[in-house]
Amino acid sequence: DPQHDAPETLTAQAVIAQTTAALTAEFELRHGRPAGGVWSAPGRVNLIGEHTDYNEGFVLPFAIDRRAYVALAARSDGLARVSSTFSDDIVECALTELSPEVLAGWSAYPLGVAWALLAAAAEGENPRTPDALPGFSLHIHSEVPIGAGLSSSAAIECATAVALNEFWQLGEAPARLARIGQIAENQAVGAPTGIMDQSASMLGHADAAVFLDCRSMQTATIPLGLAANDFEILVIDTKVSHDHATGGYADRRASCELAAATMGVYSLRELTPADLPRMREALDEVTFRRARHIVTENERVQETARLLRTEGPQAIGALLDASHVSMRDDFEISVAELNLAVEVSQRSGAIGARMTGGGFGGSALALIPRALRESLEADILKAFRAEGFARPDLFIVQPSEGATMTGAHASPGEGASE
Ligand code: ADP
Ligand code: MG
């Protein structure tokens with residue numbers, strides 16, 4: 001990985017250029033032809049708004065400075081052929097044969113996106129069927145760690161989506177490509193996730209977050225102002241695996257559906273803090289607390305976006321802290337390691353801190369003054385050692401640009417050689 005040798009002074013563009021050069025070389029090795037172009041898309045961290053997406057509420061994620069890259073070239077044999085540095089396998093399938101039923105494993109992410117894009121292209125005013133579009137070879141290289149709560153899956157989906165959208169000249173807008181990525185993840189991979197991850201990966205900007213209304217699908221860019229305030233966002237990956245979280249996730253979704261049905265609303269988004277007394281009357285104790293998390297979290301997301309616009313990041317600490325308490329006590333998706341990461345961060349000078357992601361493990365984030373980074377990291381490591389917890393992974397994430405075509409690039413068609 002050429003990036004590990006990169007001096008810290010390299011600009012983001014220089015890093016992308018280096019990675020692009022390494023990727024095109026690996027593409028030629030794996031696919032025996034030159035790459036026609038390179039595209040990339042970032043992972044994401046959710047600043048605030050947890051489990052609100054499937055309740056049609058609000059989320060505020062941002063794209064990070066770790067990206068998935070794809071190199072692509074045309075094929076004249078109608079095949080989709082995909083590889084990744086992550087695997088020795090090369091998986092291929094005729095475009096005309098792509099369907100969720102035939103897709104499995106890691107290749108279901110890129111091939112699922114191809115399938116979802118083809119399905120979209122076959123509809124609309126100017127329908128194009130798979131036999132009318134060229135096949136492709138595609139190679140993936142990702143810097144987004146898997147299962148660390150940074151959405152390596154959305155990074156791959158969005159990088160593939162922008163690549164194929166341009167290659168096939170489909171002209172789909174970024175928000176539509178986010179939806180294509182979600183369709184691939186829901187139907188080809190079979191993971192019932194919301195659209196937050198793909199929206200952040202497609203629509204992110206440097207030093208900004210993506211405010212997303214999951215009912216109207218409207219988005220807004222919210223300035224984070226980290227650089228101007230000498231703030232950073234520290235991610236504490238507890239290494240507690242959330243693989244076994246599927247049951248908990250499904251259970252929380254079921255509680256939210258039950259609460260909405262009992263309250264006679266289509267989704268919990270329809271309820272506000274003014275409804276809480278009514279909710280307490282109508283719902284059993286546990287379902288009430290689950291629903292209260294969603295209602296109060298939606299308020300916190302909107303308030304965070306408002307404060308970031310009007311006052312800046314120093315004003316949002318209490319909201320981050322309150323979000324964590326709500327997830328810990330009302331939604332009950334935190335674990336001891338996440339609570340410790342949050343408490344130590346707060347004690348050691350963070351502006352605010354909370355667990356982030358679906359819960360039952362994964363990562364916490366802390367908004368911190370840059371000058372405190374070293375002492376805060378030392379405090380966290382010490383506290384984890386004292387509790388006998390596994391050593392957490394600590395790293396800074398920079399809010400970054402969303403999916404993009406990167407690197408010098410001839411027409412993707414020029415890679416064709418059969
Ligand atoms: P995350 O929280 O990181 O998104 P997911 O389980 O949603 O975790 O997605 C991880 C999956 O995405 C991996 O198991 C793999 O199938 C796929 N994936 C991630 N990175 C790569 C990669 N570099 N190459 C191929 N597939 C990848
Ligand atoms: Mg994922």
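## A walk through the model, starting at helix α4

Select helix α4 and look at its inward side: Pro174, Leu177, Ala178, Arg179, Ile180, Gly181, Gln182, Ile183, Ala184, Glu185 and Ala188 are buried. Keep in mind as you go that this is a predicted model. Now add α2 (108-121), α3 and α5 (196-203) to the selection, as these are the elements that the buried residues of α4 pack against. If you like a quick check, put a distance on the end C-alpha atoms of α4 (residues 174-189): they are 21 Å apart, which agrees with the 22 Å that its 16 residues should span at 1.5 Å a residue. Step just past the helix and you reach Gly190, whose phi is positive, at about 90°.

**The core**

Next, click on Leu117. Setting aside neighbours within four places in sequence, Leu117 is in contact with Ala161, Leu164, Asn165, Leu170 and Ile180. You have already met Ile180 as one of the buried residues of α4. Leu117 also belongs to the largest nonpolar core, which has 108 residues; Phe62, Val70, Leu117, Cys158 and Ala159 have the most contacts inside it. Color strand β2 (residues 58-75) to see the element that gives the most to this core, with 13 residues. There is also a second, separate core of nine residues, and Ala260, Leu268, Leu271 and Ala291 are among them.

**Around the ligand**

Now center the view on ligand 1. Of the 13 residues around the ligand, the ones that come nearest are Ser84, Trp106, Ser142, Ser152 and Ser153. Which elements each supply at least two residues of this shell? Show β5 (135-142) and α3 (152-167); α3 gives the most, with three residues. Color the shell by class and you should find six nonpolar, seven polar and no charged residues.

**Three annotated stretches**

The following ranges come from UniProt, in an unreviewed entry.

- Select 26-73, which UniProt gives as "domain: Galactokinase N-terminal". The chain here is 12% helix and 58% strand, with end C-alpha atoms 13 Å apart.
- Select 117-204, listed by UniProt as "domain: GHMP kinase N-terminal". This stretch is 51% helix and 9% strand, and its end C-alpha atoms are 21 Å apart.
- Select 307-379, the UniProt range for "domain: GHMP kinase C-terminal". Here the chain is 51% helix and 16% strand, and the end C-alpha atoms are 29 Å apart.

**Leu226 and its distant partners**

Go to helix α6 (residues 226-229), where you will find Leu226. Is Leu226 buried or exposed? Leu226 is buried, because 21 other C-beta atoms lie within 10 Å and 20 or more is the cut-off. Beyond neighbours within four places in sequence, Leu226 is in contact with Asp207, Phe231, Glu232, Ile233, Pro313 and Pro399. Draw a line to Gln398 as well: Leu226 and Gln398 are 172 residues apart in sequence, while their C-alpha atoms are 9.0 Å apart in space.

**Two backbone stops**

Most residues other than glycine have a negative phi, and the last two stops have a positive one. Glu56 sits in the loop between β1 (37-48) and β2, with phi near 60°. Glu56 is buried, with 21 other C-beta atoms within 10 Å. Finish at Glu332, in the loop between α10 (317-330) and α11 (336-347), where phi is near 50°. With 16 C-beta neighbours inside 10 Å, Glu332 counts as partly exposed.

Technical notes. Residues are numbered from 1 along each chain as its sequence is written. Chains are lettered from A and ligands numbered from 1 in the order in which they are written. This is a predicted model: local features need pLDDT of at least 70, side-chain atom pairs count only at pLDDT 80 or more; totals for chains, interfaces and linings use all residues. A residue is near a molecule or strand if its C-beta atom, placed from the backbone, lies within 6 Å of it. Helices (H or I, at least four residues) and strands (E, at least two) are DSSP runs, numbered from the N terminus. Ala, Val, Leu, Ile, Met, Phe, Trp, Tyr, Cys and Pro count as nonpolar, Asp, Glu, Lys and Arg as charged, and the others, Gly among them, as polar. A nonpolar core is a set of buried Ala, Val, Leu, Ile, Met, Phe, Trp, Tyr and Cys residues joined through C-beta atoms within 7 Å. A residue is buried if 20 or more other C-beta atoms lie within 10 Å of its own, exposed if 12 or fewer, and partly exposed in between; C-beta atoms are placed from the backbone. Two residues are in contact if their C-beta atoms, placed from the backbone, lie within 7 Å. UniProt positions are given in the numbering used here, feature names are shortened, and annotations may be inferred rather than shown by experiment. The expected span of a helix is 1.5 Å times one less than its number of residues.
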